[in-house]
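Visitor: Please take a close look at one part of this structure, a single strand, and describe how it is placed within the whole chain. I should like its two faces, its partners and its surroundings treated in one connected account.

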Amino acid sequence: MVQYYWNPTYQNQHITPPPVTIPNGGRPPSPGMSVGPLPGPPAREQSYIENILRLNIGQPGVFNFSFEHALESGVNTKRIVGTVVAAGRDHVILNETATGHEFLFPMIYFDYAEFTGKINYFPQT
């Protein structure tokens, strides 16, 4: 008989967790005592598309999307003339200027954006 699935055999592995250190011997911190790491300079924002779209919230533009499946017969692209309302890690919310409709698009379908004015971008230092 042919076996169609793989059933791994796991050996009994013991993982020892790292020791836990309680600051100040478990007592409450005294005034002025630092318990955690000191705050450092803010992390530099990375230039991912969703971060650039967030910098341009409210700016008018044209946003182009393409899909592997057809929206209508023979049409697999969508063009929105409007503004960015919000942008997340995997999505963008757009407001279409002409109709006032809001659209939620997954970023996997995003092709490119054309902004009417100057694009806000991160300082290049």
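Guide: Accessible areas here come from the Shrake-Rupley method with a 1.4 Å probe, and for residues only the protein chains shown count as cover. On that basis the protein chain exposes about 10400 Å², of which carbon and sulfur atoms supply 57%. The model is a predicted one, in which local features need pLDDT of at least 70 and side-chain atom pairs count only at pLDDT 80 or more, whereas totals for chains, interfaces and linings use all residues. Residues are numbered from 1 along each chain as its sequence is written, and side-chain values use heavy atoms, with hydrogens and water left out.

The overall plan comes before the detail. Helices (DSSP runs of H or I, at least four residues) and strands (runs of E, at least two) are numbered from the N terminus. The protein chain has one helix and five strands, in the sequence order α-β-β-β-β-β. Of its 125 residues, 21% are buried; buried means under 20% relative accessible area, exposed over 50%, and partly exposed in between, with a 1.4 Å probe and protein chains only. Contact means heavy atoms within 4.5 Å. Among contacts in the protein chain with a separation of 6 or more, 50% are between residues 24 or more positions apart.

The strand chosen is β3, residues 91-96. Its covered face consists of Val92, Leu94 and Glu96, and its uncovered face of His91, Ile93 and Asn95. In a regular strand the side chains alternate between the two faces of the sheet.

β3 has partners on both sides in sequence. Two strands pair if DSSP finds at least two bridges between them. β2 and β3 run antiparallel and are joined by five bridges, with Ala86 opposite Ile93. The hairpin from β2 to β3 passes through three residues. β3 also pairs with β4 (residues 102-106), again antiparallel and over five bridges; here Leu94 has Phe103 as its bridge partner. Five residues separate β3 from β4 in their hairpin, and Gly100 in the turn has a positive phi of about 80°.

The covered face leads to the interior. A nonpolar core is a set of buried Ala, Val, Leu, Ile, Met, Phe, Trp, Tyr and Cys residues joined through side-chain atoms within 4.5 Å. The largest such core has 14 residues, and those with the most contacts inside it include Val92 and Leu94 of the covered face, along with Leu53, Phe63, Phe65, Val84 and Phe105. The elements that give two or more residues to this core are β1 (60-66), β2, β3 and β5, and β2 gives the most, with three. In soluble globular proteins, nonpolar side chains tend to be buried together. Phe65 illustrates the link to β3: beyond four places in sequence, its contacts include Val92 and Leu94, as well as Phe105, Tyr109 and Phe110.

Glu96, on the same covered face as Val92 and Leu94, is a charged residue in this setting. Lys and Arg count as positive and Asp and Glu as negative; His and the chain ends are not counted. Glu96 is buried yet has no salt bridge, since the nearest side chain of opposite charge, Lys78, is 5.5 Å away, and a salt bridge requires a side-chain nitrogen of Lys or Arg within 4 Å of a carboxyl oxygen of Asp or Glu. Beyond four places in sequence, Glu96 touches Ile80, Val81, Gly82, His101 and Phe103.

The count of salt bridges by this rule is one. Glu114 and Arg79 form it, their closest N and O atoms being 3.3 Å apart. The pair links distant parts of the chain, since Glu114 belongs to β5 (residues 110-115) and Arg79 to β2 (residues 77-87), 35 residues apart. Both are partly exposed: Glu114 has a relative accessible area of 35%, and Arg79 stands at 47%.

Asn95 represents the uncovered face. With a relative accessible area of 22%, Asn95 is partly exposed. Its C-alpha lies 6.4 Å from that of Val84, eleven residues away in sequence. Leaving aside neighbours within four places, Asn95 is in contact with Val81, Gly82, Thr83, Val85, Gly100, His101 and Glu102.
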